[in-house]
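Student: I would like to learn how to read a structure feature by feature. Could you take me through one?
Tutor: Gladly; let us look at it together.

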Amino acid sequence: MSGGRHIDLYDTTLRDGCQAEDIAFTVEDKLRIAERLDDFGVRFIEGGWPGSNPRDETFFAEAKRLRFKHARLAAFGSTRRVGVAAGDDPNLRKLLQADTPVVTIFGKTWELHVREDLRISKLQNLEVIHDSVAFLKRHVDMVVFDGEHFFDGYRDDPEFALECCRAAADAGADLVCLCDTNGGRLSEEVAAATAAVRQAVTCAIGIHCHNDSELAVANSLVAVQHGAAQVQGTINGIGERCGNANLCSVVANLQLKMGYKVVTAAQLRQLRELSHFVWELANAEPNKRQAFVGLSAFAHKGGIHVAAVQKNPLTYEHIDPALVGNRQRVLVSDLSGRSNILYKAQEFGMDVEELKPAARKVLAEVKDLESRGFQFEGAEASFELLMQKGVNGARTRHFRLIGFRVIDEKRKEDEEPLSEATIMIEGPDGTVEHTAAQGNGPVNALDHALRKALAKFYPEIETVELLDYKVRVLGGGEGTAAVVRVLIESGDGHERWGTVGVSPNVIEASWQALVDAIDYKLYKDRKGHRGKRSPAPPPQAS
Ligand SMILES: [Zn+2]
């Protein structure tokens, strides 16, 4: 254990994270993320590289209006160019113009790079590091030196790599950060090299790992055990190539497993939210299998697991999910036992005693439906309706379909196709409603027609929106005759819910899922439904 030593988080989501494929943040996104990082208790926020692009310069100008509670903003850049005095180097000047309390510069520590890339002597490289740090230190409060490729450099020429660190420390660097820039080093190498730097310099040490060997988090933890006081990384591990050390996992492990002080317990409970916030702004689907914060991180599917976690969650959970703002979930599938069904009943606010006699019947129906291609993990609303049917003996009908017709028409080769649906239904008072609607596709048209017809009887249907629609072809080999599964996610501004339909006909499968979506809305409104437990992640179509 650590004796409660404090470890600082240094976030580089806004700089290294932006170098990830498919990830881009606007200046406004970056400002919002910076505020959230501050709320979370991140000590240092690297905002960008002011010398490299105008967007980062704008960010630093705009960031002046942010009022941080804990965090200090860092501007990132490189050591001075060879043959130029530090004071005349345009990039170092741009770093100062960013006007941040912290400046971080990276420099070479791998002899290979010095020889092949910079093509200067080892001594010249030490001068470059020393001059750059000393110049910055005269103008800024805190200077961080990032030793680029430090661990590769240490492996090839340990004495030179250490001398580079010493050059930065002697010039006044407040912290020397050891970088596994290529992400290729193993934990035992990181341990030995970090311990050597600990002996070589008196200033603080940091660690910056990339994930190319999937060891970035492990290597960061090992470095902390060997003396690092600061961990650099990104939220969700986004970054160049395979990414950076994922700070979500770093903070949870340091604090919950290793006993270090990183953030407060209340801040740690914001972890899942912070992770999802960054995915959201990155316009990327959250990784459901992400450790600690993913939707599946505490999801149990096997019946034996479910029975055990109900007796004691520690049987199949490594931590209490609430500590990181996540929650336990129980999935319903053909692997389920009766305990999964009863757990869900409780979660949905249903009377468990009332359901107990029907539980086996519901389970048998779930297994039968799953064998036909249904899947309820992403369709909890369909599943809840199924349980309701189990309790009542029959499904509550809010309307009866008399018939529908969908026409898809493409009149010219270069024209968009047109879809129109006509529908006839019988309302709860026995009157018949006959209506038609258009849409950008057959399902869209059918959805519009159904809601138009029902709005007369149930005005609340107007608030329901179709948020996501997924079609999956099940089994192979049958071509266009194969069975398809449709997952629909709907919402009404308060809650989101998933429903499912299965058929060899994609319109029929969509129809089943649409009817479930509407029935669920009417059922939950009439039931004074308690909804999902807060802070529950919304049900997701998988
Ligand atoms: Zn990096």
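**Cysteines and the disulfide rule**

Tutor: Let us begin with a cysteine: the sulfur of cysteine 18 lies 16 Å from the closest cysteine sulfur, which belongs to cysteine 248, and this is too far for a bond. Keep in mind throughout that this is a predicted model.

Student: What is a disulfide in general, and how many disulfides does the rule count here?

Tutor: In general, a disulfide is a covalent bond that links the sulfur atoms of two cysteines. Here the count is zero disulfides. Cysteine 177 is in no disulfide either: its nearest cysteine sulfur, in cysteine 179, is 4.5 Å away, whereas the rule asks for sulfur atoms within 2.5 Å.

Student: Are cysteine 18 and cysteine 177 buried or partly exposed?

Tutor: Cysteine 18 is partly exposed, because its relative accessible area is 24% and buried means under 20%. Cysteine 177 has a relative accessible area of 0%, so cysteine 177 is buried.

Student: How do I get a feel for the protein chain as a whole?

Tutor: Start with the elements, then the extent, then the burial. The protein chain has 18 helices and 16 strands. Its C-alpha trace spans about 90 × 60 × 50 Å along the principal axes. Of the 542 residues, 56% are buried. Contacts add another view: among those between residues at least 6 apart in sequence, 68% join residues at least 24 apart.

Student: Which residues coordinate the zinc ion?

Tutor: With a metal site, look at the donor atoms, then at where their residues sit in sequence. The zinc ion is coordinated by Asp16 through OD and by His208 and His210 through NE2, at 2.0 to 2.2 Å. The donor residues follow the spacing D-x191-H-x1-H. Aspartate 16 lies in the loop between strand 1 (8-11) and helix 1 (27-40), while histidine 208 is in strand 7 (residues 204-209), so this pair ties together parts that are 192 residues apart in sequence. Both aspartate 16 and histidine 208 are buried.

Student: How should I read a single helix, such as helix 17?

Tutor: Check its length against the expected span, then ask what covers it. Helix 17 runs over residues 442-455, which is 14 residues, and reaches 20 Å from its first C-alpha to its last, close to the 20 Å expected at 1.5 Å a residue.

Student: How many residues of helix 17 are buried, and what covers them?

Tutor: Helix 17 is mostly covered, with ten of its 14 residues buried. Among them are Val443, Leu446, Asp447, Leu450, Arg451 and Leu454. The cover includes strand 11 (400-409), strand 12 (418-426), strand 13 (432-439), strand 14 (465-473) and helix 18 (506-527).

Student: How many cavities of 30 Å³ or more are there, and what lines the largest?

Tutor: For a cavity, read the volume, then the lining, then the elements that supply the lining. The count is three cavities of 30 Å³ or more, and the largest has a volume of about 50 Å³. Its lining consists of Asp447, Arg451, Val464, Glu465, Leu466, Ile488, Ser490, Leu514, Ala517 and Ile518. Helix 17, strand 14, strand 15 (484-491) and helix 18 each supply at least two lining residues. Helix 18 gives the most, with three residues. Notice the link to helix 17: Asp447 and Arg451 line the largest cavity and are also among the buried residues of that helix.

Student: Let me practise on single residues. Are aspartate 152 and serine 275 buried or exposed?

Tutor: Place each residue in its element, then read its accessibility and its contacts. Aspartate 152 sits in helix 6 (residues 150-156) and counts as buried because its relative accessibility is 7%. Leaving out residues up to four places away in sequence, aspartate 152 touches Trp110, Asp180, Asn182 and Arg185.

Tutor: Serine 275 is in helix 12 (residues 271-281), and at 1% relative accessibility serine 275 counts as buried. With the same sequence neighbours set aside, serine 275 touches Ile235, Asn236, Cys248, Gln290 and Val293. You met one of these earlier: cysteine 248 holds the sulfur closest to that of cysteine 18.

Student: What does glutamate 62 contact, and where is it placed?

Tutor: Glutamate 62 is in helix 2 (residues 54-63). At 32% relative accessibility, glutamate 62 counts as partly exposed. Apart from neighbours within four places in sequence, glutamate 62 is in contact with Val27 and Leu31. The C-alpha atoms of glutamate 62 and glycine 41 are separated by 21 Å, and these residues are 21 residues apart along the chain.

Note on methods:
Residues numbered from 1 in each chain as written. Predicted model: local features only at pLDDT ≥ 70, side-chain atom pairs only at ≥ 80, totals over all residues. Heavy atoms only, no water. Helix = DSSP H or I, 4+ residues; strand = E, 2+ residues; numbered from the N terminus. Expected span 1.5 Å × (residues − 1). Buried < 20%, exposed > 50% of the residue type's maximum accessible area, 1.4 Å probe, protein only. Contact = heavy atoms within 4.5 Å. Donors = N, O, S within 2.8 Å, 3.2 Å for Na, K, Ca; no water. 1 Å grid on protein atoms, 1.4 Å probe; cavity = no way out; pocket = protein on both sides within 12 Å on 5 of 7 lines; lining within 4 Å. Points joined across faces, edges and corners; volume = space filled by probe spheres on them.
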